[in-house]
Amino acid sequence: MTRRASEDETRRKLRHLKERYMSNHIDFSSGEGSEVLEIGCTKIEFTQDDLRDVYAPHNDAIVISSWIGMFRVHRILVDIGSSVSVLFSGAYSSMNLTYNLIEEDENPIIGFSGEVTKAVGKVKMPITVANKPILGNFLLLDCRAPYNAIVERDWMHAICAVTSSYHQCLKFVTFVGVVKVRGDQMAAHKCHESAMEEYRKSEVSANPILRVEQK
């Protein structure tokens, strides 16, 4: 598929997704429709019912909304291939948090092709889904990204979550039933569109919003 055809397809999917969200009253920005409690369920399974309201065919990543600290954060990528959680500087700056929360961290982030990125520092904040808070250790990155944050395996293991990108959700068991956290396909497509826009501009430059003074 040519780049132009891919862009046209992304715009078409976004239009259809918007129509579907409106007709089914799905509002991820307010939290409505993002979490579903399956009362009485004791085991995790994915069925055809989970495909309801999922735009198909698709190859979308799971992008969710959740509480990080005291803030409702959108465009969070659930990445089972990542060994670290990441919070990007633009999102951190929007939270208007003090720099005193940032701790030094010397561990490098190594990408799949071997590239090394140095974090500004690390921040500890709870990630809360369905009233279940788990303390998250975020590496703070000062770079352009279509996402606000990335959550990794340790967080998913802590809540015993199982993901299915095909069904666009993750599930975990609570004492009252199974919680299903639904992926926001519109956010996933917008992130993809944003990444393609950055690629077209051919510019990879650091975001100067956040800096930490060396002691």
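Analyst: Let's start with a definition: two strands pair if DSSP finds at least two bridges between them. Keep in mind that this is a predicted model.

User: Okay, why do β2 and β7 count as paired strands?

Analyst: Two bridges join β2 (residues 63–68) to β7 (residues 121–129). Pairing takes at least two, so these strands make the cut. They run antiparallel, and Trp 67 has Thr 128 in β7 as its bridge partner.

User: How do you know that β7 pairs with β8 too?

Analyst: Nine bridges join β7 to β8 (residues 132–141), and the cut-off is at least two, so they pair as well. These strands also run antiparallel. Met 125 is bridged to Gly 136 in β8. In the hairpin of β7 and β8, two residues sit between the strands, and Ala 130 takes a positive phi near 50°.

User: Why is Phe 175 called exposed?

Analyst: Its relative accessible area is 83%. Exposed means over 50%, so Phe 175 qualifies. You'll find Phe 175 in the loop between β11 (169–174) and β12 (177–182). Phe 175 also joins Leu 37, Ile 39 and Val 176 in a nonpolar surface patch, with about 480 Å² of accessible area together.

User: And what makes up the lining of the largest pocket?

Analyst: That pocket holds about 940 Å³ of space. Of its 34 lining residues, the closest to the centre are Ser 82, Val 84, Val 86, Ile 109 and Ile 150. β4 (85–88), β5 (108–110), β8 and α3 (153–158) each supply at least two lining residues. The largest share, six residues, comes from β8.

Notes: Residues numbered from 1 in each chain as written. Predicted model: local features only at pLDDT ≥ 70, side-chain atom pairs only at ≥ 80, totals over all residues. Heavy atoms only, no water. Patch = residues over 30% accessible without salt bridge, like charges linked within 9 Å, V, L, I, M, F, W, Y side chains within 5 Å. Areas by Shrake-Rupley, 256 points an atom, 1.4 Å probe, with all protein chains shown as cover. Salt bridge = Lys/Arg side-chain N within 4 Å of Asp/Glu carboxyl O. Helix = DSSP H or I, 4+ residues; strand = E, 2+ residues; numbered from the N terminus. Buried < 20%, exposed > 50% of the residue type's maximum accessible area, 1.4 Å probe, protein only. 1 Å grid on protein atoms, 1.4 Å probe; cavity = no way out; pocket = protein on both sides within 12 Å on 5 of 7 lines; lining within 4 Å. Points joined across faces, edges and corners; volume = space filled by probe spheres on them.
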